[in-house]
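The following note sets out numbered points on the model for a colleague's consideration. Please read them beside the sequence and the coordinates.

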Amino acid sequence: MALLSGLVVVLVGITAGRPPAPVRTLERGLEDQLVRLRGRRSPPSSVVLVAIDDSSLQQGAWFADQKDGAAAIPPWALGISTLPWPRARYADLLDRLRQAGPAVVGLNVVFEGESSRGPADDAALAAAIRRLPGHVALAAEMMEIRDNNYAGLSLVQPETALLQAAGKDGYGITNTLPAGNGEPFFHPEAYSRRVLTSSGARPQPSLTEVVLRKAHRPSLQPNQGRQLNFYGPEGSFQRISAWEVLDPQRWSSHPSRPMLRGAVVLVGPVVSQGGLGTITPFGSLSGLELLATATANSIQGDGLASWPQDPLQRGLLAMAPVLLVGALALWRSSLRWRLGLVGGVLALVLVGSFAVMERSNLWLPLLTPAAGLVLLGLLYGGDAYLREEGERRRLRRTFERYVAPTVVAEILSDPSAAEGILRGRLLPVTVLFTDLKGFTQLTQQRSGSGEIELHVRQLNRYLGEMVEVVTAHGGTIDKFIGDAVMAVFGSPLSRGRREEAVAALRCAQAMREALAGLNREWAEEGLAPFDNGIGLASGEVIVGQIGSPRRMEFTVIGDKVNLASRLEGLTRTAGVSILCDATTAELAEGSLAIRPMGDQQVKGMGAIPVFTTDDAQALPGGADAQAAVPAQAGAPPQGAGS
């Protein structure tokens, strides 16, 4: 597990330092989710948009549809029902805006070549630009050209007269690096620094840079390395419809006019007029909204940036939380502790990344450490499962030697309780001892006559039958002591003290019946019959796995074990084959016919009351009739026979 955890840490570091394209795509998606979770931000009031929107086009269309025709259309509304607008209308916009005193007006429209409406159209716009000397920024665009003889980039500039009116450095390009496929939304300045420089073309300033320069507002961030930090969906910035500026009457009393003084004003079409727009975490944004976002980020210095930039440092930072969990997991091996570590550190990584993004505008490594922590959690879960399965198999192998499979399944439903059973506990049980009478003499006789194999085969058949009877009555075979069988009822699981005592007595009766059936079969085969005695005692005993590290067995110890053994020995002189103590008789009262045998002297315990069942008579012709010397009353079975 330590080796696998180490491999996860190394994998996280390598992947975070130099992420492959699929990882970059997934991380970009996760970062977009954090931006959505953060929600909208308030953009600076110093950036205002004059939008060529549906409302402006509809206003022009309304005038064009009047019955009086062109004569009824006011000059400011001529040609604004469709795009492109006459350049004279942009001239009107500049004149109206000049009255409000903006710091700069950026026209996000590329006025390529001469106007289709003639030289007067260009002249009107050029004149309006001159009336705002040094305060108008024009848009240009880099176009990719591919034909049989040439492939490269070409600069599309505004018409010459407009450039001359705007003065030196009067235009900036509107191109941006395409986002998607794991790439973030970089500031427009990155296009010139990366694409134009790498292609050998002359670097061009972005429209944002020109706007800020003309407004005398230095950027508070290194634009070429920053990503756009969006303020919200389309319409997040203060926006004025273009027709409201064009209409002299409306503009003279417009409530938004005062906020334009000293502001950066950006003019251009919005989404419905400018195509599908750019897909961002807040939906589709128009080029004008993107330009405003880039400009506002530069003014406030709140563009986003990945940190750290160095691949080695970024990999080490991503490894840190995974390494922390891996180290602390070595302290304790419990699954709850390890998964708690994973969950806590994962939450810390997510919350920390979100907080740093929101407060410091920095992207910390997020996907790779989060994925590494999740992978560690899966490894810990798998390790715990394998360990638990191994422990269950060990417990199953242990208990299956002693109890029925159904009991094993019930024990293993709670492995911790199973461990408690093995370690030892006090349980109320009924202990059953059964031993063959006169078996020692029969063993000596057959050993002398060379019938050892026959003797062993008959004994095994008897013991097998006794085991089947004990198992059928829900008892547990504790051990074999030569020809003796020790069984326990109520361990390791109990059905209740009364139920176990009744089951043990019925098992004793069934053992006698089973032996009678075996004797009939052996008589037909010419084999000597067997007879057994059965002693039962009920009470609390210690149950657990007892022995040396080399040899352990699951057994019970206590006075009731000795009492059951000695009651079995007492059957040789009591004239019955089943004897039980007073506790067993009391528990079974009402369920079985129990007969008192009076007080009997039991070795080491004095005279105690003993009981038997009505059908517990000795088997006629049993092996005890062959015994030359009866066993001492109350002596426990020893060795291979008693």
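1. In this predicted model, Asn361 has a relative accessibility of 14% and therefore counts as buried, the cut-off being under 20%. Asn361 sits in the loop between helix H13 (335-360) and strand S11 (362-363). Its phi is positive, about 60°, although Asn361 is not a glycine.

2. A positive phi in a residue other than glycine is also found at His216, where the angle is near 60°. His216 belongs to the loop between helix H8 (207-214) and S6. With 69% relative accessibility, His216 counts as exposed. Most residues other than glycine have a negative phi, and most peptide bonds are trans.

3. Two cis peptide bonds deserve inspection. One joins Leu83 and Pro84, with omega about 0°; Pro84 is in the loop between H3 and H4. The other runs from Trp307 to Pro308, with omega near -5°, and Pro308 lies in the loop between strand S10 (305-306) and helix H12 (311-329).

4. Confidence should be considered before any detailed reading. The protein chain has an average pLDDT of 87, and 88% of the residues score at least 70. Over residues 618-642, however, pLDDT stays under 50, and the model has 58 contacts beyond four places in sequence for these residues. Where pLDDT is low, the predicted coordinates should not be read in detail.

5. As to overall organisation, the protein chain holds 21 helices and 19 strands. Of its 642 residues, 49% are buried. Among contacts between residues at least 6 apart in sequence, 74% join residues at least 24 apart.

6. Which residues touch the most other members of the largest nonpolar core? They are Trp85, Leu93, Leu94, Leu97, Ile129 and Leu138, in a core of 49 residues. Helix H4 (residues 87-100) supplies the largest share of this core, 6 residues. Leaving aside residues up to four places away in sequence, Leu93 touches Val50, Trp85, Ala242, Val245, Leu246 and Val267. A second, separate core has 37 residues, including Phe439, Leu459, Phe489 and Leu515. In soluble globular proteins, nonpolar side chains tend to be buried together.

7. Helix H3 (residues 54-64) has Ser56, Leu57, Gly60 and Phe63 as its buried residues. These residues lie on the same side of H3, because they cover an arc of only 125° around the axis. They pack against strand S1 (47-52), strand S6 (238-241) and helix H9 (242-246).

8. The length of helix H19 (residues 497-525) can be checked against expectation. At 1.5 Å a residue, its 29 residues should span 42 Å, and the end C-alpha atoms are 42 Å apart, which agrees. Gly526 follows H19 and has a positive phi, near 80°.

9. Arg28, in helix H2 (residues 21-38), is a charged side chain worth examining in the viewer. Is Arg28 buried or exposed? At 11% relative accessibility, Arg28 counts as buried. Apart from residues up to four places away in sequence, Arg28 touches Gly182, Glu183, Pro184, Phe185, Gln227 and Trp363.

10. A final point concerns cysteines. The count of disulfides comes to 0 when sulfur atoms within 2.5 Å are required. Cys507 counts as buried at 0% relative accessibility, and Cys580 counts as buried at 1%.

Conventions
Residues numbered from 1 in each chain as written. Heavy atoms only, no water. pLDDT = per-residue confidence, 0-100. Contact = heavy atoms within 4.5 Å. Helix = DSSP H or I, 4+ residues; strand = E, 2+ residues; numbered from the N terminus. Expected span 1.5 Å × (residues − 1). Core = buried A, V, L, I, M, F, W, Y, C linked by side-chain atoms within 4.5 Å. Buried < 20%, exposed > 50% of the residue type's maximum accessible area, 1.4 Å probe, protein only. Arc of directions from axis to C-beta.
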